[in-house]
Amino acid sequence: MQLQLPDLTSLGVQDERLRDVATDRSAVEAALAQAERRIAAGDTAELHTYAGQAARLLDRPELAISHLS
């Protein structure tokens, strides 16, 4: 399945604590929202992985864990 969502590797960097963080928070938030809408329409592991990574970039660990579990 082709996700047609932004490449998250281009939207994040490592900070001084070596944690991945969003460089364009609004773009990552929009990508996460789009992935979650698509998950609601038809649950897939690929979308949960994408949403979990986006939540991780946004420093939302509980949401990331939920999607990645």
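These questions and answers look at a buried alanine and some salt bridges in a predicted model. Residues are numbered from 1 along each chain as its sequence is written, and side-chain values use heavy atoms, with hydrogens and water left out. Local features need pLDDT of at least 70, side-chain atom pairs count only at pLDDT 80 or more, and totals for chains, interfaces and linings use all residues.

User: Is Ala51 buried or exposed?
Analyst: Buried means under 20% relative accessible area, exposed over 50%, and partly exposed in between (1.4 Å probe, protein chains only). Ala51 has a relative accessible area of 0%. Ala51 is therefore buried.

User: Which residues does Ala51 touch, not counting residues up to four places away in sequence?
Analyst: Contact means heavy atoms within 4.5 Å. With that limit, Ala51 touches Leu32, Ala35, Ile39 and His67.

User: How many salt bridges does the structure hold?
Analyst: A salt bridge is a side-chain nitrogen of Lys or Arg within 4 Å of a carboxyl oxygen of Asp or Glu. Side chains of opposite charge can pair when their charged atoms come close. The structure's count is four.

User: How far apart in sequence are the parts tied together by Asp59 and Arg19?
Analyst: The closest N and O atoms of this salt bridge are 2.7 Å apart. Asp59 lies in the loop between α2 and α3 (61-68), and Arg19 in the loop between β1 (12-14) and β2 (20-22), so the pair ties together parts separated by 40 residues. Helices (H or I, at least four residues) and strands (E, at least two) are DSSP runs, numbered from the N terminus.
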